[in-house]
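Please prepare a short briefing on this structure for a first-year student. Use a few lead sentences, then bullet points grouped by topic.

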Amino acid sequence: MHPGAIAITVILSIVAFILLVEIARSIRSVRQGTAVIIERMGRFHVIWQSGLHMKCPFIDKVARTVSLMEQVGDFPPHPVITKDNVTMQIDTIVFFQVTDPKLFAYGVERPLLAIEKLTATTLRNIVGEMELDNTLTSRDYINIKIRNIIDEATDPWGIKVNRVELKSITPPRAIQEAMEKQMRAERERRELILRAEGEKASKILIAEGEKERQITEAQGIKQSMILRAEADKEAQIRKAEGEAEAIRQVQEARAEAVEMINKANPGQAYLAIEALKAFEVAANGQATKIIVPSEIAGLAGLAKGLTQVIASE
């Protein structure tokens, strides 16, 4: 074979191999959640979404692969001065997502750095209008305001800011010590208040218990007095009933005696002797003067006569 033909064959083989390699490289699979920017002759041509694609060899070029998933930007602390001239270190976290790969690729150089700087300047503007205490207690307000401002500023870059969080707020050491002392004093104050309230509640409970005890004792004494009075009343009633019964029985006995005497038809001598017994009982009293009825005097003479008669016999 002629040497020239051999050289041409070799060159054609090399060119064919290069073409095959380039064609093989032109076929590309794009995975889910990513987008590929294709440039043709140095200009934007098309965006490849997920799937199998093929570019034109030697003309088209893969300019950039962009992630469409939500990304996190953890930025270092930035010095921020509050309205009352307190310098704090605040670091932020930004959650963002690419919504337009073309604007993201051609809208700004180094988008992540641009978001960091924009976040820092926005944070300084917002915190600069607030005092220290408000800054420490208004994280949600600061987060929302920063997110709204950054989201509006990043729209031309094809970026959607979903969330902004203040990771930490670090005031100066002197401020931290003062805050710790304030918190310690507040805890001690609350402890004293709780202790005083506990002692107050304890005293109230003790007083209520003492009052309840006194009421119970008073009720017991009252009940005891009532029972004692009822017992005395019952005893007096029973005593009175007993005396009445005794008097009744005595009167009945006397009535029966009188009735028996009447049935026996006693003589004048018996009656005279009974009269003398009654007079003798009356004479034994404490009276200094005794008025004797004439009938009794007669009876006494009769009794004396009877006594003499009985004695003579």
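In this predicted model, Ile38 stands opposite Val62, a residue of strand β5. Ile38 belongs to strand β2, which covers residues 34-40 and is joined to β5 by seven bridges, the two strands running antiparallel. The points below start from this pairing, then turn to the hairpin, an aromatic pair, the core and the chain as a whole.

**The three-stranded sheet**

- Strands β3, β2 and β5 form an open sheet in the order β3-β2-β5, and the pairing is antiparallel.
- The edges of the sheet are β3, residues 43-48, and β5, residues 60-67, each of which pairs on one side only.
- On average, neighbouring strands of this sheet are turned by 25 degrees against each other, with direction ignored.
- Another bridge between β2 and β5 has Glu39 and Lys61 as partners, with Lys61 in β5.
- How many of the seven residues of β2 are buried? Six of them are, so the strand is largely enclosed by the rest of the structure.

**The hairpin of β2 and β3**

- Strands β2 and β3 pair in the antiparallel sense, and five bridges connect them.
- One of the bridges between these strands has Arg40 and Arg43 as partners, with Arg43 in β3.
- The two strands form a hairpin, with two residues between them.
- Met41 lies in the loop between β2 and β3, and its phi is near 55 degrees, a positive value in a residue other than glycine.
- Most residues other than glycine have a negative phi.
- Is Met41 buried or exposed? Met41 has a relative accessible area of 65%, which is over the 50% cut-off, so it counts as exposed.

**A second positive phi**

- Arg110 is not a glycine, yet it has a positive phi of about 55 degrees.
- The position of Arg110 is in the loop between α2 and α3.
- The relative accessibility of Arg110 is 56%, and it counts as exposed because this value is over 50%.

**The aromatic pair**

- The structure holds one aromatic pair.
- The ring centres of Phe44 and Tyr106 are 6.0 Å apart and the ring planes are at 75 degrees, so the pair is edge-to-face. The cut-off behind this label is an angle over 60 degrees between the planes.
- Which elements does the pair link? Phe44 is in strand β3 and Tyr106 is in helix α2, residues 101-106, so that distant parts of the chain are linked, with the two residues 62 positions apart.
- Phe44 is partly exposed, at a relative accessible area of 31%.
- Tyr106 also counts as partly exposed, at 40% relative accessibility. Both labels follow because partly exposed is the class between under 20% and over 50%.

**The largest nonpolar core**

- The largest nonpolar core has 30 residues, and those with the most contacts inside it are Ile90, Leu123, Ile142 and Ile146.
- Two or more residues come from each of β8 (87-98), α2, α3 (111-127), α5 (139-154) and β9 (159-170).
- Helix α3 gives the most to this core, namely six residues.
- Which residues does Leu123 touch, leaving aside its neighbours within four places in sequence? Leu123 is in contact with Val80, Ile90, Thr92, Ile142, Ile146 and Leu166.

**A buried asparagine in α5**

- Asn143 is placed in helix α5.
- At 7% relative accessibility, Asn143 counts as buried because the value is under 20%.
- Leaving aside its neighbours within four places in sequence, Asn143 is in contact with Val164, Glu165 and Leu166.

**The chain as a whole**

- The chain has eight helices and nine strands.
- Of the 313 residues in the chain, 20% are buried.
- Among contacts in the chain with a separation of 6 or more, 62% are between residues 24 or more positions apart.
- The chain exposes about 22,500 Å², and carbon and sulfur atoms supply 59% of this area.

Methods. Residues numbered from 1 in each chain as written. Predicted model: local features only at pLDDT ≥ 70, side-chain atom pairs only at ≥ 80, totals over all residues. Heavy atoms only, no water. Pairing = 2+ DSSP bridges. Helix = DSSP H or I, 4+ residues; strand = E, 2+ residues; numbered from the N terminus. Axes fitted to C-alpha atoms, helices over the stretch in contact; angles between N-to-C directions. Phe/Tyr/Trp six-rings, centres within 6.5 Å; stacked < 30°, edge-to-face > 60°. Buried < 20%, exposed > 50% of the residue type's maximum accessible area, 1.4 Å probe, protein only. Core = buried A, V, L, I, M, F, W, Y, C linked by side-chain atoms within 4.5 Å. Contact = heavy atoms within 4.5 Å. Areas by Shrake-Rupley, 256 points an atom, 1.4 Å probe, with all protein chains shown as cover.
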